[in-house]
Amino acid sequence: MSVQTLNPPAPSAAPARSRGAAVELRNVSHWYGNVVAVNDVSFSLGPGITGLLGPNGAGKSTLLHMLAGFLAPSAGEVLVDGRPAWKNPEMYRSLGLVPEREAVYPYLTAYEFALMNARLHRLPDPEAAAERAIDIVDLRAAMHRKIGGYSKGMRQRAKIAGALVHEPRIVLLDEPFNGMDPAQRMQMMELLRGLAEQGKTILISTHILEELHHLANNVLVVVAGRLAASGHFREIRRLMTDRPHTFTLRSSDDRRLAAALMANASVQGVELGAQEITVRTAERVGFAQYLPRAAREAGITLYEVRPTDESLESVFSYLVKR
Ligand code: ADP
C-alpha cells in the first residue's frame with residue numbers, strides 16, 4: 001500500500017512560530033500482544049489544525065497516546081520538539097491530551113477539575129491558571145456546578161479546560177465532537193480555531209470526514225494502523241467520493257436491464273444474479289441519472305436500487321487498495 005501525498009498541506013491560518021515540526025513520527029509501530037495497532041507510520045505536524053481520520057479500530061487513539069507520552073512505541077520514534085515523547089516529563093509541559101473517554105470526575109466542578117490539573121502541573125498560581133482555562137472554554141457561568149450535571153458539550157469543554165491549564169503549545173483531541181449536537185459542534189469548532197490562531201499545533205482524531213470541514217486543512221487518513229493518505233481536506237474528500245460505487249438492482253427484467261447498463265460508459269461491471277443485478281460504476285451521480293432513463297426506454301420497471309458499499313469501512317478500504 002502506498003501513502004498518497006496529495007497537495008502539499010495548505011498554509012496554516014496560524015502563524016508559524018516554531019522552527020521545524022512540533023511533532024514528528026518516524027516509522028512508528030505499536031503492537032498490543034499480537035495486535036498490530038499502528039504499523040510503520042511517519043508524519044510531522046506544525047502549527048494549525050490537522051485531522052487524524054480513520055474508522056474505529058484504525059489506531060488513532062494509540063497514535064495520540066504515543067504522542068502524549070502515555071504509550072511507548074514498539075518500533076520507531078515519536079518526537080515532540082525534537083525529543084522522544086516517551087519517558088520525557090519535560091514534554092508534558094508543552095502538550096495537552098483531551099482523551100475520548102469520560103474520565104472527568106462527575107462530583108468535581110469544572111473549576112475544581114481544572115485546578116486539580118493545574119496543581120498536578122505544579123503551576124505557580126494554579127487558581128489563576130484554572131480560571132484562565134475556564135474562560136478559554138467559555139464555562140465561567142457554570143464553573144462551580146458539578147460536571148455530572150453538565151451537557152455533553154459542556155463536559156467536553158471541561159475536559160479541554162483540564163488539558164489547557166498549563167497553556168500547552170500542542171493539543172491532541174480524541175474524537176472531540178462525539179455525541180455533540182450541531183450547536184455544541186459549532187461552539188467547539190470556534191474554540192479550536194481560536195487555539196489555532198494562537199499558533200498552537202492541534203491534532204483532532206475523528207471517524208467522520210465532514211467533522212473536519214472548515215476546520216482542518218490538512219488531513220491524515222489512517223486505516224488498519226497504516227497511514228493510507230494525507231493531504232488537503234478537499235483532496236481527501238474528492239478521493240473518498242470519486243471512488244467506484246456498487247449498486248444492487250431488482251427490476252421487472254434483470255437480463256435486459258443488465259444489457260442496457262453495459263452500454264453506459266460509466267459502468268465498469270455488471271453481474272447478473274438469480275434475484276438481482278450488481279453494478280459497479282465510476283460515477284455515482286451520472287449513473288443515478290442514467291439508470292431510470294435507460295429502464296424507462298427499455299420498458300423495464302425498477303423495483304429496487306440500493307447502494308451496496310456505503311459502509312465507512314468500504315470507503316476507507318478503497319483508499320488503502322488504490
Ligand atoms: P481507534 O482509536 O482508531 O479506534 P485504537 O488505537 O483504539 O483505534 O485501536 C487500534 C487497534 O488496537 C484495534 O484493533 C484495537 O482493538 C486494538 N487495541 C487498542 N487498545 C488495546 C489494548 N489495550 N489491548 C489490546 N488491543 C488494543
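User: I'd like to learn how to read internal space in a model like this one. How much space lies in the largest cavity?

Analyst: Happy to help. A cavity is space where a probe fits but cannot get out. In this predicted model, the largest cavity holds about 40 Å³ of space. A search of the whole structure finds one cavity of 30 Å³ or more.

User: Which residues line the largest cavity?

Analyst: Look for Gly-153, Arg-157, Met-180, Gln-184, Gln-187 and Met-188. By class, this lining divides into two nonpolar, three polar and one charged residue.

User: And which helices supply at least two residues each to that lining?

Analyst: Helix 4, spanning 152–164, and helix 5, spanning 182–197, each do so. Helix 5 gives the most, with three residues.

User: Now the open kind of space, please. How much of it lies in the largest pocket?

Analyst: Unlike a cavity, a pocket is an open set of points with protein on both sides. Here the largest pocket has about 580 Å³ of space. Its lining comprises 21 residues, and those nearest the centre are Phe-70, Leu-97, Pro-99, Asn-117 and Gly-162.

User: What gives the most to the lining of the largest pocket?

Analyst: Helix 2 does, with four residues. To place the lining on the fold, find strand 7 (95–98), helix 2 (110–120) and helix 4, each of which supplies at least two residues. The classes in this lining are 13 nonpolar, six polar and two charged residues.

User: Let's turn to the ligand. Which residues are around the ligand?

Analyst: The shell consists of Tyr-32, Val-35, Ala-37, Pro-55, Asn-56, Gly-57, Ala-58, Gly-59, Lys-60, Ser-61 and Thr-62. Sorted by class, the shell has five nonpolar residues, five polar and one charged. Two elements, strand 3 (35–45) and helix 1 (60–67), each supply at least two of the shell residues. Helix 1 has the largest share, three residues.

User: How should I read the polar contacts there?

Analyst: The idea is to look for pairs of N or O atoms within 3.5 Å. Thr-62 has a polar side-chain atom 2.5 Å from an oxygen atom of the ligand. For Ser-61, a polar side-chain atom lies 2.8 Å from a ligand oxygen atom. Ala-58 uses its backbone instead: a polar backbone atom is 3.1 Å from an oxygen atom of the ligand.

User: How much of the ligand does the protein bury?

Analyst: On its own the ligand exposes 560 Å², and the protein buries 57% of that.

User: Good. Now sheets: how do I read the way strands pair?

Analyst: Strands of a sheet pair through backbone hydrogen bonds, and the sense can be parallel or antiparallel. In this model, one open sheet has four strands in the order 3-2-5-6, with antiparallel pairing. At its edges are strand 3 and strand 6 (83–84), each pairing on one side only.

User: How many bridges join strand 2 to strand 5?

Analyst: Five bridges join strand 2, residues 23–32, to strand 5, residues 75–80, and the two run antiparallel. To get your bearings on screen, find Leu-25, which stands opposite Val-78 in strand 5.

User: What joins strand 13 to strand 14?

Analyst: A hairpin joins strand 13 to strand 14, passing through four residues. Strand 13 covers residues 267–272 and strand 14 covers residues 277–281; they pair in the antiparallel sense over five bridges. One facing pair to look for is Glu-271 opposite Thr-278 in strand 14.

User: Where do side chains point along a strand?

Analyst: In a regular strand, side chains alternate between the two faces of the sheet.

Note on methods
Residues numbered from 1 in each chain as written. Predicted model: local features only at pLDDT ≥ 70, side-chain atom pairs only at ≥ 80, totals over all residues. Heavy atoms only, no water. Near = heavy atom within 4 Å. Polar contact = N/O pair within 3.5 Å; in protein donor to acceptor, adjacent residues only side chain to side chain. Areas by Shrake-Rupley, 256 points an atom, 1.4 Å probe, with all protein chains shown as cover. Nonpolar A, V, L, I, M, F, W, Y, C, P; charged D, E, K, R; others polar. Pairing = 2+ DSSP bridges. 1 Å grid on protein atoms, 1.4 Å probe; cavity = no way out; pocket = protein on both sides within 12 Å on 5 of 7 lines; lining within 4 Å. Points joined across faces, edges and corners; volume = space filled by probe spheres on them.
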